[in-house]
Amino acid sequence: MVKTSSPGKLMLFGDHSVVHGRPCIVTAVDYRMNASLSERRDDIIVLNAPDMNIENYVSSIKDLEKPQPKQARFVLTSVRNFFDKYGIRSGLDIETKSEFRVEYGLGSSSAVTASVLKGLSELFDVRMSNKDLFDLSYKTILDIQEVGSGFDAAATIYGGSLYFVTGGRVIEPIKAKELPIIVGHTGVKADTSKMVKMVYQRLAEEPERINRNFDESAKIVDRARRGIEEGNWKEVGMLMDQNQVLLREIGVSSDVLENLITAAKKAGAYGAKLAGAGGGDCMISIADKKNYENVKNAIEDAGGKFIDVKLNADGVRIEK
Ligand code: MEV
């Protein structure tokens with residue numbers, strides 16, 4: 001049996017514009033998605049994913065081509081793509097177990113994809129570099145979601161904090177040791193595909209304005225990268241605020257996000273913004289040590305849920 005695990009992710013800068021050829025900054029978070037895989041002698045794939053309410057779901061290898069139930073899709077599409085790419089066919093037992101909740105929007109789909117692909121490469125002794133894993137994970141995610149930059153796949157595979165450009169054109173580690181980021185969850189589940197498609201629509205309607213917005217976002221990402229590497233949290237906070245203005249302008253913020261962002265800022269955060277697709281999921285803020293608790297409490301008082309995450313987590317790995 002092979003066991004693997006992969007971290008979740010948190011988008012720090014460049015949300016949405018990264019879908020359109022610009023860079024972003026993403027960090028891996030220490031909630032992990034675990035998978036265990038073993039070969040079977042027959043030709044069926046048996047999936048157990050208790051967090052997704054999946055118990056002994058059975059698919060034959062040839063049924064991998066057919067539409068799968070939503071909760072099983074990332075696992076089974078990963079298996080199909082791996083089999084197709086490497087000409088392998090085998091029955092499998094797969095179990096996944098998550099340390100984090102799907103509702104947080106911390107990247108459980110890309111984490112499960114990476115964990116399964118890494119497990120398959122180990123099980124069948126296929127050498128895959130991180131870039132090979134990324135390319136197959138990204139293909140799997142696009143097969144299912146149709147849209148997306150792939151930043152989540154990069155974060156869960158490489159780990160740490162990354163400077164990332166659409167589709168993995170650039171994937172560079174950033175030295176970001178003690179990022180004092182405070183994460184608040186809105187309690188609302190964001191529909192990422194819907195938000196991304198809405199921004200495509202806006203881009204088609206007003207290409208000049210939206211492209212200008214994305215170009216500004218790219219500049220903020222480059223400055224934020226320097227700020228993070230230098231540990232200049234005041235600058236990073238100011239850039240969060242500027243990024244949030246751009247996200248508001250493309251219409252992806254929401255009252256509940258704005259509420260938590262305002263509360264964090266009033267409590268002394270250097271800056272705050274939504275993190276990810278918008279419309280719900282998480283916001284992030286940054287504060288120095290003396291204001292950290294204040295900001296955390298203010299987010300909770302405003303109705304958010306403080307999520308205690310460690311950043312810069314290790315990427316996908318084999319577990320003993
Ligand atoms: C969603 O978490 C982040 C987006 O930038 C989409 C993507 O990059 O795939 C909105």
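So, the two domains: their centres, taken over C-alpha atoms, are 25 Å apart. This is a predicted model, by the way. Domain 1 is made of residues 2-175 plus 312-319, and domain 2 covers 181-307. Where they meet, domain 1 puts 27 residues into the contact and domain 2 puts in 40.

Okay, on to the inside. The largest nonpolar core has 81 residues, and the members that touch the most others are Phe 13, Phe 82 and Phe 83. Which strand gives the most to this core? That's β2, residues 23-40, with eight residues. And where does the core sit relative to the domains? Domain 1 and domain 2 both supply residues, so the core lies between them. There's another core apart from that one, with 25 residues, including Met 195, Val 199, Met 283 and Phe 306.

Let's stay with Phe 82 for a second. If you skip its neighbours within four places in sequence, Phe 82 contacts Ile 88, Leu 117, Leu 120, Ser 121, Phe 124, Val 126, Met 128 and Leu 136.

Keep Leu 117 in mind, since it turns up again with Thr 140. Thr 140 sits in helix α3, which runs over residues 130-145. Is Thr 140 buried or exposed? It's buried, with a relative accessible area of 0%. Its side chain has a polar contact, at 3.1 Å, with the side chain of Asn 81. Again leaving out neighbours within four places in sequence, the contacts of Thr 140 are Phe 74, Thr 77, Ser 78, Asn 81, Thr 113 and Leu 117.

Another threonine to look at is Thr 96, in strand β5, residues 91-98. Thr 96 has 4% relative accessibility, so it counts as buried. Who's around it? Not counting residues up to four places away in sequence, Thr 96 touches Asn 34, Ala 35, Asn 48, Ala 49, Pro 50, Asp 51, Val 75 and Val 112. For a sense of scale, take Glu 178, which is 82 residues from Thr 96 along the chain: their C-alpha atoms are separated by 30 Å.

Now find helix α4, residues 151-158. Seven of its eight residues are buried, so you can call it mostly covered. The buried ones are Phe 151, Asp 152, Ala 153, Ala 154, Ala 155, Thr 156 and Ile 157. What covers them? The cover includes strands β1 (2-13), β2, β6 (161-165) and β7 (170-174), along with helices α2 (108-123) and α3. So β2, the strand that gives the most to the largest core, is also part of the cover over α4, and so is α3, the helix with Thr 140 in it. After α4 comes Gly 159, with a positive phi near 70°.

Last stop, the ligand. There are 13 residues around it, and the ones that come nearest are His 16, Val 18, Gly 148, Ser 149 and Phe 151. You've just met Phe 151 among the buried residues of α4. Two of those nearest residues come with distances. A polar backbone atom of His 16 is 2.9 Å from an oxygen atom of the ligand. With Ser 149 it's the side chain: an N or O atom there is 2.6 Å from an oxygen atom of the ligand. And how much of the ligand does the protein cover? On its own the ligand has 300 Å² of accessible area, and the protein covers 94% of that.

Definitions and conventions: Residues are numbered from 1 along each chain as its sequence is written. This is a predicted model: local features need pLDDT of at least 70, side-chain atom pairs count only at pLDDT 80 or more; totals for chains, interfaces and linings use all residues. Side-chain values use heavy atoms; hydrogens and water are left out. A nonpolar core is a set of buried Ala, Val, Leu, Ile, Met, Phe, Trp, Tyr and Cys residues joined through side-chain atoms within 4.5 Å. Buried means under 20% relative accessible area, exposed over 50%, partly exposed in between (1.4 Å probe, protein chains only). Helices (H or I, at least four residues) and strands (E, at least two) are DSSP runs, numbered from the N terminus. Domain bounds come from an automatic or database domain assignment. Contact means heavy atoms within 4.5 Å. A residue is near a molecule or strand if one of its heavy atoms lies within 4 Å of it. A polar contact is a pair of N or O atoms within 3.5 Å; within protein, one must be able to donate a hydrogen and the other to accept it, and residues adjacent in sequence count only if both atoms are side-chain atoms. Accessible areas come from the Shrake-Rupley method with a 1.4 Å probe; for residues, only the protein chains shown count as cover.
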